[in-house]
Amino acid sequence: MSETPTAMSAAEIAQAVSNRKLTALAATEAALARITAHDKVLNAFTDVTADLARSQAKAVDAAIAAGQSAGPLAGVPFAVKNLFDVKGLSTRAGSKINRDLPPSPRDATLIERMEAAGAVLVGALNMGEYAYDFTGENVHDGPSRNPHDRTRMAGGSSGGSGSAVGGALVPIALGSDTNGSIRVPSSFCGTFGLKPTYGRLSRARSFPFVASLDHLGPFARSVTDLALAYDVMQGPDVEDPACVARAVEPTVPLLSEGIGGLRVAIAGGYFQQNLLPEAVEAVARVAKALGATQTVELPEAARARAAAFIMTTTEGAALHLDRLRKRPNDFDPAVRDRLVAGAMVPAVYVDRAQKFRRWFRARVLELFQSVDVILAPATPCVAPKIGQATFTLDGVELPVRPNIGIHTQPISFIGLPVAAVPVPLEPMPIGVQIIAAPWREDIALRVAHALEQMGVVAAPAPRGL
Amino acid sequence: MADQLDDYVSAIANAMGLPLEDAWRPAVRANLEVALRLARLVDDFPLPDELVSAAVYST
């Protein structure tokens, strides 16, 4: 076990707190001190709820002292993307406009479930405005910075989540993923991330972006920590109409089952294009470690990405239509201009995109009759420089912002579960997507755990702090 | 086509009551061009007439 709380995993903290070798308050103070020391550089946090955190930590310690059972995350500090409702804070969702909202009367469901497991919320995290972002940049709060190179993007839109966990400010953070917003910052910041099956985790009391594509999920520095957080957040919730009435299916006990018998394939075609050498290298390392040689084609993946783009821009525009009319100058201009354009897309194209989703989903589900896991790059490249406008993929100069997520969008489009795993290349890490069939997060996490045990994937110590 | 798209942007902004300052027009138009290009990629794909996008109760 590591000596200092900030170097400890969530599992180690919870064990130490449960065994009374460490107090939840000490773990919390250590996280707060590290945030104070490093967040000036990382800009991961928009709100540090120190007083609330200390109160929560003392309550955890008191419960343990009273002989009550400590939860599986006893004393573990965590933070949330600032689109989660945090009691007492306005849910800004990366925007200026939402700061005028009244303080939230109640925490988001996932925060309540983390706290019920003993975790201690220490703050809210920076993000791209209204989650319409892949960079982690924010005109109102400044960019989240990459913990391995402060001149580089953290990725978005859950940029603060990637930065905070990649920088080891907290062992666990929560984020959202509509088109790749957990997987992209995980890739850029060298963390593990889980985008569960659509409908698995409750989104109640979080600010939406594209309701038919929105997912919430955890970031962590190890697969065990990722699974611990995921397990305690599972379960039905009538307050999110998309959250299914499905019993909790714990994954932690299954992590060590290994990958024997699993059929692992590499996504071909679309997913082997528009990659810089580091992304090719990352997928190759993971595939080699898993003994994967078979390639499968997700049919019409480029159209799937296009359809996801259309649904995103139009649903996002519909969500913000009133704000676009009343407060257009209070948006990030780049976000506003995308949303205004989205409002102008003819409705027939949206219907075509939705119907195409049904077609694509059926074809991809057929693939899972012959494979259990599909490997794909998480991002085309390692983190670009903050402010970088273009990059060159397959010889074509393209705008960075919309193209960072081209390999994640077709997957979230049909709600498949994905574990993003960090390959610790030098000087910058990069992620790979471990994609499983619907409701088989356990398989994605088992594969991630096996890769971690083999030393192929790991969250590198922050290189930029 | 260029003029037609500019006209479309103006007309739909008026029809929807969306404010549109002159300074924003080039970016809005550029974003719309990208969206329409991607929409046509989906539109070009033949889908069965019977395909249903509605949610269905399964339990």
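**Exercise 1. Strand S11 and its neighbours**

In S11(A), which residue is the bridge partner of Val264(A)? While you're at it, work out which strands flank S11(A) and how they run, and whether its two faces are covered or open.

*Solution.* Keep in mind that this is a predicted model.

- Step 1: Start with the bridge. Val264(A) has Val373(A) as its partner in S11(A).
- Step 2: Widen the view to the strands. Strand S9 (residues 264-267) of chain A runs parallel to S11(A), and three bridges join them.
- Step 3: Now look at the other pairing. Strand S15 (residues 430-436) of chain A pairs with S11(A) in the antiparallel sense, over five bridges. Here Pro377(A) has Val432(A) as its bridge partner in S15(A).
- Step 4: Check the burial. Strand S11 (residues 373-377) of chain A has five of its five residues buried.
- Step 5: Split those by face. In a regular strand the side chains alternate between the two faces of the sheet. Val373(A), Leu375(A) and Pro377(A) are buried on one side, Ile374(A) and Ala376(A) on the other, and both faces are covered.

**Exercise 2. The whole sheet**

Find the order of the 11 strands in the open sheet of chain A and name its edge strands.

*Solution.*

- Step 1: Walk across the sheet: the order is S1-S3-S2-S6-S8-S7-S14-S15-S11-S9-S10 (chain A), with mixed pairing.
- Step 2: Take the edges. Strand S1 (45-48) and strand S10 (294-296) of chain A each pair on one side only.
- Step 3: Get a feel for the twist. Neighbouring strands are turned by 30° against each other on average, direction ignored.
- Step 4: Zoom in on one pair. Strand S2 (residues 77-81) of chain A and strand S6 (residues 172-177) of chain A run parallel and are joined by three bridges. Val80(A) stands opposite Leu174(A) in S6(A).

**Exercise 3. A helix against the strands**

Which residues of helix H4 (residues 109-116) of chain A are buried, and what do they pack against?

*Solution.*

- Step 1: Pick out the buried residues: Thr109(A), Leu110(A), Ile111(A), Arg113(A) and Met114(A).
- Step 2: List what they pack against: S2, strand S3 (120-125), S6, strand S8 (215-220) and helix H7 (223-233) of chain A.
- Step 3: Follow the chain onward. Gly118(A) comes after H4(A), with a positive phi near 100°.

**Exercise 4. Two helices crossing**

How do helix H9 (residues 301-326) and helix H11 (residues 347-367) of chain A cross, and which residues meet?

*Solution.*

- Step 1: Read off the geometry. The axes of H9(A) and H11(A) come within 9 Å and cross at roughly 135°.
- Step 2: Classify the angle. Over 145 degrees would count as roughly antiparallel, so H9(A) and H11(A) are oblique to each other.
- Step 3: Add the hand: H9(A) passes H11(A) in a left-handed crossing.
- Step 4: Find the contacts. Those from H9(A) include Ala304(A), Ala307(A) and Met311(A), while H11(A) brings residues including Tyr349(A), Ala353(A) and Phe360(A).
- Step 5: Sort by class. This contact has nine nonpolar, two polar and two charged residues.

**Exercise 5. Where the chains meet**

How many residues of chain B are in contact with chain A, and which helix supplies the largest share?

*Solution.*

- Step 1: Count both sides: 23 residues of chain B touch 28 residues of chain A.
- Step 2: Assign elements. Helix H1 (2-16) and helix H2 (25-43) of chain B each supply at least two residues of the chain B side.
- Step 3: Find the main contributor. H2(B) gives the largest share, 10 residues.
- Step 4: Finish with the chemistry: the chain B side divides into 19 nonpolar, three polar and one charged.

Methods. Residues numbered from 1 in each chain as written. Chains lettered and ligands numbered in written order. Predicted model: local features only at pLDDT ≥ 70, side-chain atom pairs only at ≥ 80, totals over all residues. Axes fitted to C-alpha atoms, helices over the stretch in contact; angles between N-to-C directions. Helix = DSSP H or I, 4+ residues; strand = E, 2+ residues; numbered from the N terminus. Parallel < 35°, antiparallel > 145°, perpendicular 65-115°, else oblique. Left-handed = near helix turned anticlockwise from the far one by under 90°. Contact = placed C-beta atoms within 7 Å. Nonpolar A, V, L, I, M, F, W, Y, C, P; charged D, E, K, R; others polar. Pairing = 2+ DSSP bridges. Buried ≥ 20, exposed ≤ 12 C-beta atoms within 10 Å, placed from the backbone.
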